[in-house]
Every structure is written in structure tokens, then in C-alpha cells.
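Please open the model in a viewer and keep the sequence panel visible. The tour below proceeds by selection, with a short account of what is found at each stop.

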Amino acid sequence: MTLLVTGAAGFIGFHTVRRLCRQGLEVVGIDNLNHYYDVTLKQARLRILQTTDNFHFYPIDIVDKSALVGLFQRYNFDHVIHLAAQAGVRYSLDNPDAYAQSNLLGFLNILEACRQVPPAHLIYASSSSVYGANRQMPFREGDPVDSPVSLYAATKRANELLAHSYCYLYGLRATGLRFFTVYGPWGRPDMALFKFTAAMLEGRPIELFNQGEMSRDFTYIDDIVEAIDRLRDKPPALSDGRGTNRLFNIGRGSPVALLSFVECLEEALGIKAERRFLPMQEGDVLKTWADVSALSDCIGFSPQVPVEQGVPAFVEWYRDFYRV
């Protein structure tokens, strides 16, 4: 069995590849190693992956359709786990072209490659951002998602619609995963936990938007990977002879107030944060909360790790990696 993981040098991709390789599976990884955040962190992840004999890396950008299709034809992948994307809600305000290229054109290229060389199952990353400013809590997969409040969210919803059309037309079987605020060791520097940790260790204030009156359904990376792995061999059934695009929330199912999250980090670091309160940012939302009952019904698992356990694990990794 051979699997493709796109965005292999990214946060979720790195952990996913490690999990699959430890199971003895042949894993092909691709990544363009862009400069959205510190490339040395991506390279460090990649060096760890490349110590594994059953991992094969190609520096391919998903925007390069011919290279992507050529790779599919060479390996005839059993499963495709598509995690490559231009991430970040706030960056989409400054560089919309990057989102159009990676999240729209890049995903279309993935679907085209899957159409030409169909895998048994395509798993792709969506986002809790698709729920926009929905006020009905917790968020359920059947909730309306036609009012995104950021370009990033709009591209992720577009991915879900594109996948639906390709499944219907070409018999593909796909699962879209709406991730809720993923954190943990080897995380992204643009995420709150990483930024807060760096600022506190350097004696700088942390920035809390909407005066800190926000909450998130923080989801630990190991729970994300566990769900991906369990779903891998459970593609959705065909419907009336046509392919199916299925959607799942992957979140802890337990929102945490931002100020409580900061207190947890203060305890893990042994440092009191200097807090700088700011207005709400464009494209942001007040609260996220995942209903994960559909995921649990499908794979018999729902995320388990609380922030009281996950935050100290991140801090331990951060201190070791940056030697602080």
C-alpha cells in the first residue's frame, strides 16, 4: 500500500507521515517549502521524516499540475491525504493571491490527478472557519456554511464544493475534515500558542484580540492524526452508483476561553504574561465549538487530550527545539 501526503513538511502533514511510516506503510510526501513561516522549521521536520526508509519526498508544488499528475501515474496511490494549503485567516487579508493559487487551483489539480488515477480514498483538510459567524453551537456538519467571513474560509468551503462535484461526476470517494484550532509540538509559528510562548519567553506582551473575550475548540495534534488514521480505511460508500463526499468535524468538542488558555500557558512556562488587549480583527470569529458525534459514530473515536495536557507538551517541545 502506497499513500500520498501533501504538505508533508507542514505541521499536520509531518505528524501524519510519522504515524503512517511507523506502521510500515510506504508514504510519498510532497511540499513546496514556501516562506509563509520559518522554512528552517519545515526543513527540521523534513530531516526527521527522511531518516525513515519508507518515506519518499518530492519538492512538488500542488500548483504544478503536470508534476502532480506524473507522480500519481508513477505510484498509483491507494490513499491520498491532502493537507497542503495556504493557511491563516489573517494572512488572507494581505495576500489573497496565495490562497487562490494554493487552495483553489492547487486543490483542483489534486482532484484532477485523482480523476485520472483514482485512489480508494481521498482525505482532504477543510477548516472550522467555514462556519463563519454562525451562532448556533456546537457547530454541526449540516449547519449552513454559505457566509464565510474570511477569504481563507471561502477557499476551504470552495474545496468542499469542488470535491462534491468531482465525487458526483467521476465516482471518487472523499472525506473532508473540518479541523478546529490544531496545536501541539512542531506547531505553526503563526498560531496563538506559538506566538504567545515566544513572546512570554522573550519578555514581550501577548496580544489578545476582542479584549480576550474569545474561545476556541483547541484540538491536540495527536488526536487529529488518530482520526485521520482511523478514517483512512473507511471511505464513504457509493450513493446510487456515484461517488460520495463526506464531511467531519475534528475538534475536542469542548471550547476553552482564550484567557483560560493563557493561564494554562502561564502555568506551563512559569511566567506571568503581560497582556495587551486589542479590538476584534477582521475575519476572526468569537467562538468555535465542534460537535464530533458523527466522527465518533464512524470511527469509534473522538479527540481526548485537554489543554492542561497538550499545552505543557508543546512548551516542552518548544524549550527543547529552541533551547530556551
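What follows is a sequence of selections in a predicted model.

**Stop 1: R45 and its surroundings**

Begin by selecting R45, which is found in helix α2, residues 39–49. Which side chain of opposite charge is nearest to R45? It is D31, but D31 is 6.9 Å away, and a salt bridge is counted only within 4 Å. R45 is thus buried yet has no salt bridge.

Next, display the backbone of W186. Its backbone oxygen lies 2.7 Å from a polar atom of the R45 side chain. Now show the residues that R45 touches, setting aside those up to four places away in sequence: A9, G10, F11, F14, Y37, W186, G187 and R188.

**Stop 2: W186**

Keep W186 selected and move the view to the loop between β7 and α7, where W186 is found. Is W186 buried or exposed? At 10% relative accessibility, W186 counts as buried, because the limit for that class is under 20%. Inspect the backbone torsions as well: phi of W186 is near 70°, a positive value in a residue other than glycine.

A second residue can be examined in the same way. Select L33, in the loop between β2 (26–30) and α2. Phi of L33 is near 50°, again a positive value in a residue other than glycine.

**Stop 3: the cavity**

Return to the region of β7 and α7 and turn on a cavity display. Rolling a probe the size of a water molecule over the atoms shows where empty space is left. How many cavities of 30 Å³ or more does the structure hold? There is one, and the largest cavity has a volume of about 50 Å³.

To see its walls, select F11, V182, Y183, G184, G187, R188, M191, L193, F194 and F314, which line the largest cavity. Colouring by secondary structure is useful here, as β7 (182–183) and α7 (192–201) each supply at least two residues of this lining. Three residues of the lining, F11, G187 and R188, also appear among the contacts of R45.

**Stop 4: helices α5 and α6**

Select N109 in helix α5, residues 96–116. N109 is buried, with a relative accessible area of 4%. Leaving aside neighbours within four places in sequence, N109 is in contact with I62, V63, D64, K65 and L68.

Then select Y152 in helix α6, residues 151–170. Y152 is buried as well, with a relative accessible area of 12%. Which residues does Y152 touch, not counting those up to four places away in sequence? They are Q86, A87, G88, V89, S92, Y99, N103, S127 and S129. A distance label between Y152 and Q86 is instructive: these residues are 66 apart along the chain, and their C-alpha atoms are separated by 8.1 Å.

Before leaving this region, select P138 in the loop between β5 (121–127) and α6. The peptide bond from M137 to P138 is cis, with omega near -5°.

**Stop 5: salt bridges**

Side chains of opposite charge can pair when their charged atoms come close. The count for this model comes to 17 salt bridges; the following pairs are among them.

Select R157 and E160 in helix α6. Their closest N and O atoms are 2.7 Å apart, forming a salt bridge. Because R157 and E160 are three residues apart in helix α6, about one helical turn separates them. R157 is partly exposed, with a relative accessible area of 22%, whereas E160 is buried at 1%.

Continue to D233 and R232, which form a salt bridge with closest N and O atoms 3.6 Å apart. D233 counts as partly exposed at 47% relative accessibility, while R232 is buried, with a relative accessible area of 6%.

Next, select K272 and E266, whose side chains meet in a salt bridge at 3.8 Å, N to O. Which partner is exposed and which is buried? K272 is exposed, with a relative accessible area of 64%, and E266 counts as buried at 9% relative accessibility.

As a final selection, display R19, E226, D229, R230, R232 and D233 together. Salt bridges that share partners join these residues into one network.

Key. Residues numbered from 1 in each chain as written. Predicted model: local features only at pLDDT ≥ 70, side-chain atom pairs only at ≥ 80, totals over all residues. Heavy atoms only, no water. Helix = DSSP H or I, 4+ residues; strand = E, 2+ residues; numbered from the N terminus. Buried < 20%, exposed > 50% of the residue type's maximum accessible area, 1.4 Å probe, protein only. Lys, Arg positive; Asp, Glu negative; His and termini not counted. Polar contact = N/O pair within 3.5 Å; in protein donor to acceptor, adjacent residues only side chain to side chain. Contact = heavy atoms within 4.5 Å. 1 Å grid on protein atoms, 1.4 Å probe; cavity = no way out; pocket = protein on both sides within 12 Å on 5 of 7 lines; lining within 4 Å. Points joined across faces, edges and corners; volume = space filled by probe spheres on them.
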